[in-house]
Amino acid sequence: MLPGPRGAAQWERFIFARKDAPGLTHYLGFGDVNGDGRPDAATGAKGGPHATPGTGDYFAWWEAPADPTQVREKHLVAKDQSGATNIHPADVNGDGKVDFIVSRGHGRGIVWFESPNWQEHIIHATMKEPHCLVVIDFDGDGDIDAATATNSRRGSRTTDKEISRHISSAETRSRTIFELLISTWMATWIF
Ligand SMILES: [Ca+2]
Ligand SMILES: [Ca+2]
Ligand SMILES: [Ca+2]
């Protein structure tokens, strides 16, 4: 039996995405996307002038194999996602299938992609640079909530009124109440 993280002399490194995560990959989401009992991984990658031309601006997940030390199979969730950064698996609409909530932390907007065809649903189309994202049931009422913080230092302050309008839109489409807690006065940068 392998020692746990606290007892191991060192942690072994295993590559899950081998040369198929181009662009400027950002943050990881973690969870069982396809319901096979094995936790999968997901990430968002921005493109732009600092990326290899033609790469980035996508969300994807990597399917865990039976042997977790082996390279994982990539599945594209969405392309043409300018400024893609954050992605977390969660059953947004409560149908038992795992969806994704994402943010375009170097672009604009928060959306969710509905399983199994990753149909896009807008939560907030224009929110500028939501560079962090937390997805959890904050209030314990059984539906998934999300929180982010945007960059207000570059002059884009999102009002509570705007947020509420987009929450209603998401609720109509998904039957799920989103409760977005946005700090627009205190800019949060995570790099
Ligand atoms: Ca899985
Ligand atoms: Ca679902
Ligand atoms: Ca909730």
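Strand 6 and strand 7 form a hairpin with 4 residues between them, and they pair in the antiparallel sense over 4 bridges. Strands here, like helices, are DSSP runs numbered from the N terminus (E, at least two residues, for strands; H or I, at least four, for helices), and two strands pair if DSSP finds at least two bridges between them. This is a predicted model, in which local features need pLDDT of at least 70 and side-chain atom pairs count only at pLDDT 80 or more, while totals for chains, interfaces and linings use all residues. Residues are numbered from 1 along each chain as its sequence is written, and chains are lettered from A and ligands numbered from 1 in the order in which they are written.

**The chain as a whole**

- The chain holds 11 strands and 1 helix.
- Read from the N terminus, its elements run β-β-β-β-β-β-β-β-β-β-α-β.
- Of the 191 residues in the chain, 35% are buried; a residue is buried if 20 or more other C-beta atoms lie within 10 Å of its own, exposed if 12 or fewer, and partly exposed in between, with C-beta atoms placed from the backbone.
- Among contacts between residues at least 6 apart in sequence, 46% join residues at least 24 apart; a contact is a pair of residues whose C-beta atoms, placed from the backbone, lie within 7 Å.

**The sheet around the hairpin**

- Strands 5, 6, 7 and 8 form an open sheet in the order 5-6-7-8, with antiparallel pairing.
- Its edge strands are strand 5 (86-90) and strand 8 (119-128), each of which pairs on one side only.
- Neighbouring strands of this sheet are turned by 15 degrees against each other on average, direction ignored; axes are lines fitted to C-alpha atoms (for helices over the stretch in contact), and angles run from 0 to 180 degrees between N-to-C directions.
- Strand 5 is joined to strand 6 by 5 bridges, and A90 has D99 in strand 6 as its bridge partner.
- Within the hairpin, I101 stands opposite W112 in strand 7.
- Strand 7 (residues 108-114) is joined to strand 8 by 6 bridges, and E114 has Q119 in strand 8 as its bridge partner.

**Strand 6 up close**

- In strand 6, 5 of its 5 residues are buried.
- Both of its faces are covered, with D99, I101 and S103 on one side and F100 and V102 on the other.
- In a regular strand the side chains alternate between the two faces of the sheet.

**The other four-stranded sheet**

- Strands 1, 2, 3 and 4 form an open sheet in the order 1-2-3-4, again with antiparallel pairing.
- Strand 1 (24-31) and strand 4 (73-78) are its edge strands, each pairing on one side only.
- The twist averages 25 degrees from one strand to the next.
- Strand 1 is joined to strand 2 by 6 bridges, and the bridge partner of G31 in strand 2 is D40.

**The nonpolar core**

- The largest nonpolar core has 24 residues, and F59, F100 and I101 touch the most other members; such a core is a set of buried Ala, Val, Leu, Ile, Met, Phe, Trp, Tyr and Cys residues joined through C-beta atoms within 7 Å.
- At least two core residues come from each of strand 2 (40-46), strand 3 (58-63), strand 5, strand 6 (99-103), strand 7 and strand 8.
- Strand 3 gives the most, with 5 residues.
- Leaving aside neighbours within four places in sequence, F59 is in contact with A42, G44, V77, A78, Q81, A84, I87, F100 and V102.

Key: Two residues are in contact if their C-beta atoms, placed from the backbone, lie within 7 Å.
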